[in-house]
Amino acid sequence: MRRIIAQARKELTQVGRDKLTLTLALFLPLVLLALMGTAISLSVTDLPIVVQDLDNSPESRRYIEAFRNSLTFRIVELPTDEQPEESLLDNHARGAIIIPEHFGRDLERGMNTEVQFLVDASDANTANIMRGASTAITLNFVKNMRSAIAVPIKADVRMWYNPGRESSTYIAPGMLAVGLSLFPPLLAALAMSREGEQKTILQVYVSSISAREYLLGKIGAYWLIAVGEWVLSMILAYFLFGLSIKGDPTPFVVCTGIYLFTTVSFGAMVGVAIPNQAAAIQAVQIAGFLFSYLLSGSIFPVSNIPFPFSIISRIIPARYYIVVARDALVRSGDWSGVWHIPLILLGIGMFFFMVAWRNTRKMQVNA
Amino acid sequence: MKELFYKFLSLRWFALIRKEFNQIKRNKRLVIMLIIPPTMNIILFGFALNPTVTNLQLGVVDENQSVESRELISALTESQSFQVAKYYLSDNELNDDLTAGNLDAGLIIPNDFAKKRLRGETAEVQLIVDAVNSNTATIVGGYASRIINNLNQQILRANPPKVSLQTFAVEQIPRKLPNITPHVALLYNPGLKNSWFIVSGLIGALLVIQGSIVAAASMVKEKEVGTIEQLLMTPAEAIEIITAKIAPIFFLLTMDIFLALFVAKIAFGVPFLGLFVIFLLGGCLCVLSGIGIGTLIATLAKSQQQAQLISFFVMPPLVLLSGVTTPIEAMPKWLQPVTNVNPIRHFGIISRSIMLKGTDFSILYPNFLALATFCIIVVSISMWRFRKQLQ
């Protein structure tokens, strides 16, 4: 135990001396969390649309007014010599409304009239939102017009847990998990592969420390740094995105501890396996960042990941941690929904640790 | 002018290029780096970033248990957008499952539903959406109101509401129903495939990232090994050394443009409607920007891993603020103008417009201009710094 603590202390001193590593450890995770939480969002507003009003009646103008008042759309001028399709083609507008002749007359006679929406669907998700919003505005307009007639069914839609539908509420916990699966393992991998690259591992072998103690000391040191990162990230998330732990904090705290052990062990495993710092960075970048970012449900639900990738997704620790983080920071959940997650995380973490341990014992031979 | 031209094409410069090509030929890792990461990125991003909202898990509390309430439930589930996960007996049970995150939405139909429907009054139901995922929640709300509206239209058409006129009390005439039917045409991507959006935007990001990684690696290598001094001993001038270093990298990276398009076509069937020549031009500018960024990083770093760590500060902001994976319109208002200095953003617009819409140069020239400006600035700064370090 004493030797483990000594190893961890030595490691922390070394990190403290290296300025680039130190910024990487404490500053960059915060910058990235702030950036990702702010920039990654799918709630589009103020999408430019053009209107071609072939009717030009009071009704059609009222209808256009309804669009002008919505947050989703912003009406831009349609040049007189341009067709609505052309505005979409040259990226002037993302959508077009074409109001037919006799729009007002038909409505006044109580008849059905048809309005055409052209939607630039090159961004599929935004197109889906535009389709929803334009239909909703139209429905509302019709409803106001028919105020005397009772609608047969009315749905009272309530948005729970996130009534303002803030994007950051969903994205920020995900980015917290992604950040914690990138930087702590990166530092651990760098430290391990440096020993291999510079052959200082040989010095470790002539000392009395065992491979297990050595590894635990390293992992312990970077685990502590990771906890520090987590605390700083939580403070930032509170001030920037208004996120704080709601309800029972124990599942979140316990899972964070295990998750950080898992990610640091992963870094150590990579560092031991690849005694080349540049290559180790790349490996962590792909597995830690790319996989955690794409296959963990940090932006879109995991259920949408198609078959061969959905299997990889199941062994990504961030996937499980995100569930707990969202539960704790948004939904005020308790143990009932997440009791199995610490076990899964611990299982993955132990696997990484065992592989790292096995390879550490062989490192001397290779060095 | 003519003299300068000849000097540039002098044998010495070609000899340097040949040396670089020979070095690259022996460097198997570089070839792997040029093929594997772009392919993997396009496939992963294209498949994994999928916002499609189908088979949402719906919990139902049907207090009414009538023909009318079942009609509503079947209307919701018919379109495959919703799927009934479970029926509950009380609101509390439903709430518990929503809180545990097992459901996407809950529908509560009160017990006076059928009665109100028959009387011609408005029957209200409650739809609770788990809005933790704000995007899904927005789309769910849209789906639900579209479905219920369609049902309402059917009901109204089947039994038009009657108005009784006092004077002809014996007779009732159907009331008129003004209505607007929206016809939504989804242009350029009628199947709403998000992969088309992601992949067409990602190509630019990949070219910049690849360019910077490869350039930084090859520049730093000379520095690290110390062979840069040997190059300086030769009569070659700094500018010749740099351009001879860049030219082969540039040539190899343009191959990535073809590779990326090939993968996009094979894996996702992304169309290519516009002119290839202008796409290639934009791609080349992107590669050059990347090489400029990489060279700049190389002048700041002493070793390979330092160069890589520095790119951690540069690349994520460039990719995140480019609109290639998430729309720029969704970013905060103050952040949106910042994206204008990002080369990836401009190439994203260029490649999407050319590939999906078939837009031509006369419309896209502002983006080309911005891309070229960025390129010139970054490349000249990095050249200048590199030359200064050489001397």
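In the predicted model, the second largest cavity has a volume of about 40 Å³. Its lining draws on two chains: Tyr293(A), Leu294(A), Gly297(A), Ser298(A), Ile299(A), Phe300(A) and Pro301(A) are joined there by Ala48(B) and Leu49(B). By class, 7 of these lining residues are nonpolar and 2 are polar, with no charged residue. The whole structure contains 7 cavities of 30 Å³ or more.

The largest cavity encloses about 60 Å³ of space. The residues that line this cavity are Ile49(A), Phe67(A), Phe73(A), Gly95(A), Ala96(A), Ile97(A), Phe117(A), Leu118(A), Val119(A), Met130(A) and Ser134(A). Three elements of chain A, namely β3 (95-99), β4 (112-120) and α6 (124-145), each contribute at least two residues to this lining. The lining of the largest cavity comprises 9 nonpolar and 2 polar residues, and charged residues are absent from it.

Chain A is assigned two domains, domain 1 (2-40 + 166-366) and domain 2 (47-145). A distance of 49 Å separates the C-alpha centres of domain 1 and domain 2 of chain A.

Strand β1 of chain A spans residues 47-53, and 6 of its 7 residues are buried. β1(A) runs parallel to strand β2 (residues 73-75) of chain A, to which it is joined by 3 bridges. In this pairing Pro48(A) lies opposite Arg74(A) of β2(A). The connection from β1(A) to β2(A) passes through helix α3 (residues 58-68) of chain A, forming a right-handed β-α-β crossover. β1(A) also pairs with β3(A), again in the parallel sense, and 5 bridges link these two strands. Here Asp53(A) is placed opposite Ile99(A) of β3(A).

Elsewhere in chain A, Met269(A) belongs to helix α11 (residues 250-273). The relative accessible area of Met269(A) is 15%, so this residue is classed as buried, the cut-off being under 20%. Thr360(A) is 91 residues from Met269(A) along the chain, and the C-alpha atoms of the two residues are 8.7 Å apart.

For chain B, the domain assignment gives domain 1 (20-49 + 196-390) and domain 2 (56-174). The C-alpha centres of domain 1 and domain 2 of chain B are separated by 52 Å.

Strand β1 (residues 56-62) of chain B is largely enclosed by the rest of the structure, because 6 of its 7 residues are buried. β1(B) and strand β2 (residues 82-88) of chain B run parallel and are connected by 6 bridges. Within this pairing, Val60(B) has Tyr87(B) as its bridge partner in β2(B). The chain passes from β1(B) to β2(B) by way of helix α4 (residues 67-78) of chain B, and the resulting β-α-β crossover is right-handed. A further parallel pairing, over 5 bridges, is made between β1(B) and strand β3 (residues 105-109) of chain B. Val60(B) is positioned opposite Leu107(B) of β3(B). Val60(B) thus has a partner in β2(B), Tyr87(B), and a residue opposite it in β3(B), Leu107(B).

Note on methods
Residues numbered from 1 in each chain as written. Chains lettered and ligands numbered in written order. Predicted model: local features only at pLDDT ≥ 70, side-chain atom pairs only at ≥ 80, totals over all residues. Heavy atoms only, no water. Domains from an automatic or database assignment. 1 Å grid on protein atoms, 1.4 Å probe; cavity = no way out; pocket = protein on both sides within 12 Å on 5 of 7 lines; lining within 4 Å. Points joined across faces, edges and corners; volume = space filled by probe spheres on them. Helix = DSSP H or I, 4+ residues; strand = E, 2+ residues; numbered from the N terminus. Nonpolar A, V, L, I, M, F, W, Y, C, P; charged D, E, K, R; others polar. Buried < 20%, exposed > 50% of the residue type's maximum accessible area, 1.4 Å probe, protein only. Pairing = 2+ DSSP bridges. Right-handed = clockwise from strand over helix to strand, strands pointing away.
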